[in-house]
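Subject: Structure handover

Hello,

Here is the structure I promised you. Please open it and keep it beside you as you read. My notes follow below.

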Amino acid sequence: MEQGVAVGVNGLKHVQVREYVRSLVAGSMPGSPAPSERELVNLFGVARMTVRQAMDALVTEGLLERVPGRGTFVARPRRTATPVTSFTEEMRRRGLLPESVTLFARREQAGPGVARALGITPGDAIIHWKRLRRADGAPMCVEDAYLNEVLLPGFLQGGMPTSLYDDLAERGLRPTWVEDNITADAASDEEADHLEIAIGAAVLRQQRRAFAEEKAVEVSRSTYRSDRFTLRLQLGLGE
Ligand code: GLP
């Protein structure tokens, strides 16, 4: 028996199934059953693999959840706090291609502010890494990272990594929590030049202190183009 659902001529089958299921479960109570794979196979006349692919995407998105031995259900909304993300991860999450252009990377002596934030003594060696960060080929932000040199032996030797947080992860120093301060401001001459915006155009400044467990590993200043960047936060009950 041909049941069939009218589907557009364009688009991949699994996308059509996925969007159909999304529209079906929109607004449903968490815990309501999702349509079964068998129903969808019959309805769309597609292979089980195609239906599986569509459902997997919705599970990954957090719209559906699988309960082993029981089936697939409308998921409870996720209530996790915003995870610590790197520029690279943030841009990928937005579907943009991240790039890292080193403006300079050098050894410096910590000034009092950076020293205090990193828990070291003024005059101790730090690494100052200044980068232009692009997304999909266009400037997104200029970033100054200050790192405790003692924790990062050999960091300045060899090529600079594309992602600082990936490099820190390999050293067991991936930031696990951060303090961010966000301020609205106007672009300086130098920032305007790097970001390809007018001098005085609106920018968003993010100052970060990042810790790997108890170790302060990074202090940074990132200046974003406010016409390209929205800061997203999820906040929950404190402990
Ligand atoms: C964000 C943070 C910076 C950090 C950077 C690392 O932009 N605000 O403090 O240095 O991510 O990004 P990546 O791992 O892509 O180099």
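Start with the ligand. One of its oxygen atoms is 2.7 Å from a polar backbone atom of Leu164. Bear in mind that this is a predicted model.

How much of the ligand's accessible area does the protein cover? On its own, the ligand has 400 Å² of accessible area, and the protein covers 99% of that.

Two further contacts are worth finding. Phe87 has a backbone N or O atom 2.9 Å from an oxygen atom of the ligand. Arg131 uses its side chain: a polar atom there lies 2.8 Å from an oxygen atom of the ligand.

Now the shell around the ligand. It holds 16 residues. The closest are Thr88, Glu143, Ser163, Glu218 and Ser220. By type, the shell has four nonpolar, seven polar and five charged residues.

Which element gives the most to this shell? That is strand 8, with four residues.

Next, the pockets. The ligand takes up the space of the largest pocket. Five elements give two or more residues to the shell there: helix 4 (87–93), strand 4 (125–135), helix 6 (164–170), strand 7 (202–212) and strand 8 (215–225).

The largest pocket contains about 660 Å³ of space. Its lining is made of 37 residues. Look for Thr85, Val178, Asp180, Gln206 and Arg208, which lie nearest the centre of this pocket. Among the elements that give two or more residues to this lining are strand 5 (138–148) and strand 6 (177–186). Helix 4, strand 4, helix 6, strand 7 and strand 8 do so too. The lining divides into 16 nonpolar, eleven polar and ten charged residues.

Then turn to the second largest pocket. Its volume is about 200 Å³. Where do its lining residues come from? Helix 5 (112–118), strand 6, strand 7 and strand 8 each supply at least two. The residues lining it include Gly113, Val114 and Ala117, along with Tyr146 and Glu179. Ser220 also lines this second pocket, and Ser220 is one of the closest residues to the ligand. Arg208 is another to check: it helps line the second largest pocket, and it is among the residues nearest the centre of the largest pocket. By type, the second lining splits into four nonpolar, four polar and four charged residues.

Best wishes

Terms used: Residues are numbered from 1 along each chain as its sequence is written. This is a predicted model: local features need pLDDT of at least 70, side-chain atom pairs count only at pLDDT 80 or more; totals for chains, interfaces and linings use all residues. Side-chain values use heavy atoms; hydrogens and water are left out. A residue is near a molecule or strand if one of its heavy atoms lies within 4 Å of it. A polar contact is a pair of N or O atoms within 3.5 Å; within protein, one must be able to donate a hydrogen and the other to accept it, and residues adjacent in sequence count only if both atoms are side-chain atoms. Accessible areas come from the Shrake-Rupley method with a 1.4 Å probe; for residues, only the protein chains shown count as cover. On a 1 Å grid over the protein atoms alone, a cavity is a set of points where a 1.4 Å probe fits but cannot get out, and a pocket is an open set with protein on both sides within 12 Å along at least five of seven lines; lining residues have an atom within 4 Å of a point. A molecule sits in a cavity or pocket if more than half of its atoms lie within 2 Å of its grid points. Ala, Val, Leu, Ile, Met, Phe, Trp, Tyr, Cys and Pro count as nonpolar, Asp, Glu, Lys and Arg as charged, and the others, Gly among them, as polar. Grid points are joined across faces, edges and corners, and a volume is the space filled by probe spheres set on the points.
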